[in-house]
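User: Please take a close look at one part of this structure and describe it in a connected account. I would like the strand pairing treated in detail, with other features of the model added afterwards.

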Amino acid sequence: MAVMSSGRSSRGRRRGPARPAPFRPPPPERQGDVRAPIPTNETERLAALRRYELLDTPPERDFDDIARVAASVCGAPIAQISFVDDCRQWFKAAVGLGLRPGPRDESFCAHAILRPELLVVPDTHQDPRFAANPYVTGSPHIRFYAGAPLVTRDGYSLGTLCVLDYVPRQLSEEHADLLQVLAHQVVTEMDLRRSLAVEAGIQEDRDRVQAVVQRERAFLRRIIDTQPSMVFVKDWEGRFVLVNEALARCYGSTVDGVVGKTDADLNPDAAEVSHFVQDDREVMATRSMKLIPEEPVTDSEGQVHWFSTVKVPLVNEDGSCDKLLGVATDITAQKRALSALKASEQLHWTLGEAAPGFVWTVGADGIFQYVNRTWKEFTGSDCEDLNAHGWQRFNHPDELAEVERRWAAAAAGGTAFEMELRYRRRDGPYRWMLSRIVPVKDEHGTVTRWVGSSTDIEDLKQMEAVRRANDERLRQVQQLESVGRLAGGVAHDLNNMLVAILGYSQFVAQGLAPESEPRRDVEAIIEAAGRSAALTRQLLAFARRDLIEPRRFDLNGTVLAGERMLRLAVGEGIRMELHLAHGGLYAYADVSRIEQVLLNLILNARDAMPDGGQIDIETRRVFLDESYANQHPGTAIRPSHYVMLVVSDTGHGMTPDTLARVFEPFFTTKAFGKGTGLGLATAYGSVKQAGGLLWAYSEVGQGTVFKVYLPEASESDEAPVPPRAGAAAGEGRMILVVDDADLVRATTRRALELKGYRCIDVAGGSEALELLRAGREPVDLVLTDVVMPGLSGRDLGSRLETMRPGLPVLFVSGYTEEDIVKRGLLEAGRPFLAKPFTPEAIAAKVGEVLQRRSLT
């Protein structure tokens, strides 16, 4: 079969619907010019690209699948779905290379979109357009390219589906056809994606409209139910179609109990019922509103109430009328009054007197006509006093000028106004009020009087003051966190120096006579260094001085109690497994703080795995001593048993620079608005305040482990159980220590040498192999870190099985053994010890592995 060069053969035509013709080719490319010309329809093309809303979106499985199929079909190591933006090339899917965008000027695809047919470059070194391209002359050294343009139904070429190779090659016609078919599938997927987005928007609009309708219905229901008047709708047969709670109460029923019934079902007075039916039929038949100034209504208890009723016909669109709306206002009080005017005044007075706030009226001439009881009790003033001496003396001096200005503006424009202001109580203190004043106008729009009301908001103001105080306290707490950051840095550096001072002072003291003058001088140095260490602890305590409520609690129980919430927090895309120690693990701390620490660690792990992964929660009982502090400079550990909480994830991990600042306040690697940088800093402070330690270990690409050490709580006052005795003396056996961390390597070597072992240490797996091949020293055991740059511990162990069969290998790592196995970094059952370890622990483990080997 003939192979393709650039262009396409008659058999290579794209299957699928014909494309329209707005594509206009650009001017010819100049020989030797790496940059592709700009299409003549570039403005329209970029607009079409943005309409798809694909740029800067996360990877999607459908596009990834097409890229994988393209790579597989064409036998290429690289396949990409790319879009050419105004100044960059952006990848929606990629196989074999990452998704990081690149400059458009260096893009192969910028050339491919210039033509509607497939672009094939068998050898980039031979093509003057690409021979000098940075992706050809440098990494990843592309030698072959084939790109099918992604042409929309409108004829705009937005990008390509392309395959690339590191060696020159040809593309068969069959593969060219398939690549173009797959490119058409990409465009189809783009159209489908946009259609689904439109449909989702339509459904969202429908849901929003439905929600608005439901809210409006609920709002209308609240309105009619809050009306003291009876509101109802009846049909031609006299059945209630809609009623409010006032009517239901009148008949001693509920709204649902009244709807569907007639007056005859509810009212025992037949004459009243007949009168209701007659009026209802008249309103619907004449299609005219009817005002019934007064009519009796007998309630469920036989009591007669007088109502003023308005009935309005509800006319259908076709002009027919089979329903009416009625509003019946109870006028029993007015009926009993001497006159309608006096009854109205009485009602007005009653409403004003019942109001919890101030209610008052003043004429357009400024003369007070009414003030309610609340005003009188609060100020000790009445209308006569106000008209004689004015109202200004009851306002706070700071607000009086503004009140008078607003009054003048409202009077000039006949408008309402609202204002927060303070009124003086009769015994002197002021209280905040929310006052609203509205004009009452006649039929000509002339203000005849003003009606005002004032609501006491003193409590709300106090709450606002409390909120502001809390905000200020939060600001102070944040400032304190900054102090804590400084204190932590100072303590870290000082403790590093104190470790050396204390350690070497003790070494010197051991070689001096107990009662000698030099011995006393060295002990004075040790005492001064101890006081300095206490000073650093006090500095940290000052930075974290929140009150806590420590108590004895079961760490396992706390984890299990919060398991459901934690699983909800991580979501469905992340697995979470618990590995809890048997029995109870009792710690002494503020349990709510520890719950928050656990939640912060879980959320941090979740955010490190946007594409899913696994979180493991483990608990154990451990013993830490001063040797642990030497392995972790800046820590101050009280030798004792601790309960350990481990949260590990399989996320992207952290660089050493990020890990070094992970507990700093306000430090975050998350996008703006996604994190405050206080979560881990707060967790660190809580654990430190409990007398514990929070430690992080991470490798880029391997995930992160957080270890929380809390002081163990005991039911008795017995001293902590000392660590088990170390292993037998090393008897001069040779140990090869392999670790890329200088401090760990030096500490391990010294710990083993103190137990009688001889040691050689190297910084990597390759150096260990070279040393063993040289055979200058017989090695009895290799102790190696698992995760190291270059040759890993696992690979080193595999090579040693072939190179030195039977040589024991002990693996160590900052990850737990179970985590190491799950990540595939080490086979299950291999000799393993998790970091951090004490000198006694590492010596004991080495002795155990050697003894086990001797028994086999």
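**A hairpin and its neighbouring strands**

Analyst: Strands E17 and E18 form a hairpin with five residues between them, and Gly445 in the turn has a positive phi of about 85°. The model is a predicted one. Within this hairpin, E17 (residues 430–441) pairs with E18 in the antiparallel sense over nine bridges. One point of contact is Val438, whose bridge partner in E18 is Val451.

E18 also has a second partner: strand E14 (residues 358–363) runs antiparallel to E18 (residues 447–456), and six bridges join the two. In this pairing Trp360 stands opposite Gly452 of E18.

A further hairpin is made by E24 and E25, with three residues between the strands; here Gly701 takes a positive phi near 85°. Strand E24 (residues 693–699) is joined to E25 by seven bridges, and the two run antiparallel. Trp695 stands opposite Lys707 in E25. Strand E23 (residues 640–649) likewise pairs with E25 in the antiparallel sense, over eight bridges, and Asp649 stands opposite Thr704 in E25.

The burial of E25 can be followed residue by residue. In a regular strand, side chains alternate between the two faces of the sheet. On one side of E25 lie Gly703, Val705, Lys707, Tyr709 and Pro711, and on the other Thr704, Phe706, Val708 and Leu710; all are buried, and both faces are thus covered. Strand E25 (residues 703–711) accordingly has nine of its nine residues buried.

The interior also contains enclosed space. Four cavities of 30 Å³ or more are present in the structure, and the largest cavity holds about 120 Å³ of space. This cavity is lined by 14 residues, of which Met230, Phe232, Lys234, Asp263 and Phe276 are the closest to its centre. Strand E9 (230–235), strand E11 (290–298) and strand E12 (304–315) are the elements that give two or more residues to its lining.

At the surface, Leu97, Tyr166 and Val167 form a nonpolar patch, with about 240 Å² of accessible area together. Val167 is placed in the loop between strand E7 (157–165) and strand E8 (171–172). Val167 counts as partly exposed because its relative accessibility is 45%, a value that falls between the limits of 20% for buried and 50% for exposed.

Technical notes: Residues numbered from 1 in each chain as written. Predicted model: local features only at pLDDT ≥ 70, side-chain atom pairs only at ≥ 80, totals over all residues. Heavy atoms only, no water. Pairing = 2+ DSSP bridges. Helix = DSSP H or I, 4+ residues; strand = E, 2+ residues; numbered from the N terminus. Patch = residues over 30% accessible without salt bridge, like charges linked within 9 Å, V, L, I, M, F, W, Y side chains within 5 Å. Areas by Shrake-Rupley, 256 points an atom, 1.4 Å probe, with all protein chains shown as cover. Salt bridge = Lys/Arg side-chain N within 4 Å of Asp/Glu carboxyl O. Buried < 20%, exposed > 50% of the residue type's maximum accessible area, 1.4 Å probe, protein only. 1 Å grid on protein atoms, 1.4 Å probe; cavity = no way out; pocket = protein on both sides within 12 Å on 5 of 7 lines; lining within 4 Å. Points joined across faces, edges and corners; volume = space filled by probe spheres on them.
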